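Biologist: Please take one part of this model and look at it closely. Then work outward from there, step by step.

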Amino acid sequence: MTNPLAQVVPNHCDALAGAQFADRYVLVTEGLSLTALGAAERALGRTPPWIGRLMALRNLAVRPFRLKTGLEAAVLPSGRIGIFPLISQFPGKVVLGLDDRHLDFRVLVEVRDLGMGRQELAATTIVKTHNWLGRAYLAIIMPFHRIVVPAMLAQIR
């Protein structure tokens, strides 16, 4: 297995029209035979304690702005994976995300069979900001995002 690597995101507006930001991290595994749902549950279903503390701090900071914290009751019949509402599920791909006042985001977890027991697992984040608050929020969380997403994806091993 390799460490998660950053890649260019092809066609990110297909998942979220008008998106201004997208990134993608890819991990190659051997012998796991995961579905996209299984990969999403392994990567996003449990949070390492240090990421949980960052999220608690984030939730405190955004409370005055009435932004969603992920603690609200699920509004989608599909349920959740970790704190992320499940939007849709296809063979090889799960789409999670949330629409809020400041921005909309999607997290795509994709699995591609490479043959000989190897799989490529990808986590793509796509964001569309709506206003100055969304742009400021994205700028503030971006350094953390670039550490958190590969760490979450690495949990799949």
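Modeller: The structure holds one aromatic pair (rings of Phe, Tyr and Trp, with its six-membered ring, pair if their centres lie within 6.5 Å; planes under 30 degrees apart are stacked, over 60 edge-to-face, the rest tilted). The ring centres of F84 and F105 are 6.0 Å apart and their planes meet at 80 degrees, so this pair is edge-to-face. The pair links distant parts of the chain: F84 sits in strand 4, F105 in strand 6, and 21 residues separate them. Helices (H or I, at least four residues) and strands (E, at least two) are DSSP runs, numbered from the N terminus.

A word on reading the model. It is predicted, so local features need pLDDT of at least 70 and side-chain atom pairs count only at pLDDT 80 or more, while totals for chains, interfaces and linings use all residues. Residues are numbered from 1 along each chain as its sequence is written, and side-chain values use heavy atoms, with hydrogens and water left out.

Both F84 and F105 are buried. Buried means under 20% relative accessible area, exposed means over 50%, and partly exposed lies in between (1.4 Å probe, protein chains only).

Follow F105 along its strand. Strand 6 (residues 103-115) pairs with strand 5 (residues 93-99) in the antiparallel sense, over seven bridges. Two strands count as paired if DSSP finds at least two bridges between them. In this pairing, V94 stands opposite V109 of strand 6. A hairpin of three residues joins strand 5 to strand 6.

Strand 6 has another partner. It pairs with strand 7 (residues 118-129), again antiparallel, over twelve bridges. Here R112 has E120 in strand 7 as its bridge partner. Strand 6 and strand 7 form a hairpin with two residues between them. M116 lies in that loop. M116 is not a glycine, yet its phi is positive, at about 55 degrees. M116 counts as exposed because its relative accessible area is 84%.

Now go to the inside. In soluble globular proteins, nonpolar side chains tend to be buried together. The largest nonpolar core has 35 residues, and L44, L96 and I156 have the most contacts inside it. Among the elements that give two or more residues to this core are strand 4, strand 5, strand 6 and strand 7. Helix 3 gives the largest share, eight residues. A second, separate core has five residues, including L16, A19, L108 and I126. A nonpolar core is a set of buried Ala, Val, Leu, Ile, Met, Phe, Trp, Tyr and Cys residues joined through side-chain atoms within 4.5 Å.

L44 belongs to helix 1, where A36, G38, A39, A40 and A43 are buried too. Strand 4, strand 6 and helix 3 are among the elements that cover the buried residues of helix 1. I156 touches A39, R42 and A43, and also L27, T29, L32, L34 and L121, leaving out residues up to four places away in sequence. Contact here means heavy atoms within 4.5 Å.

R42 is also in helix 1. R42 counts as partly exposed because its relative accessibility is 28%. With the same sequence neighbours left out, R42 touches L32, L34, Q155 and I156. R42 and Q155 are 113 residues apart along the chain, but their C-alpha atoms are separated by 6.4 Å.

Just ahead of helix 1 is S33, in the loop between strand 2 (21-30) and helix 1 (36-44). S33 is exposed, since its relative accessible area is 67%. Phi of S33 is near 50 degrees, a positive value in a residue other than glycine. The C-alpha atoms of S33 and Q119 are separated by 7.3 Å, with these positions 86 residues apart along the chain.

Last comes helix 2. Its buried residues include I51, R58, N59 and V62. These cover an arc of only 100 degrees around the axis, which puts them on the same side of helix 2. The arc is that of the directions from the helix axis to the C-beta atoms. On the other side of helix 2, P49, R53, L57 and L60 are exposed. Helix 3 is among what covers the buried residues of helix 2.
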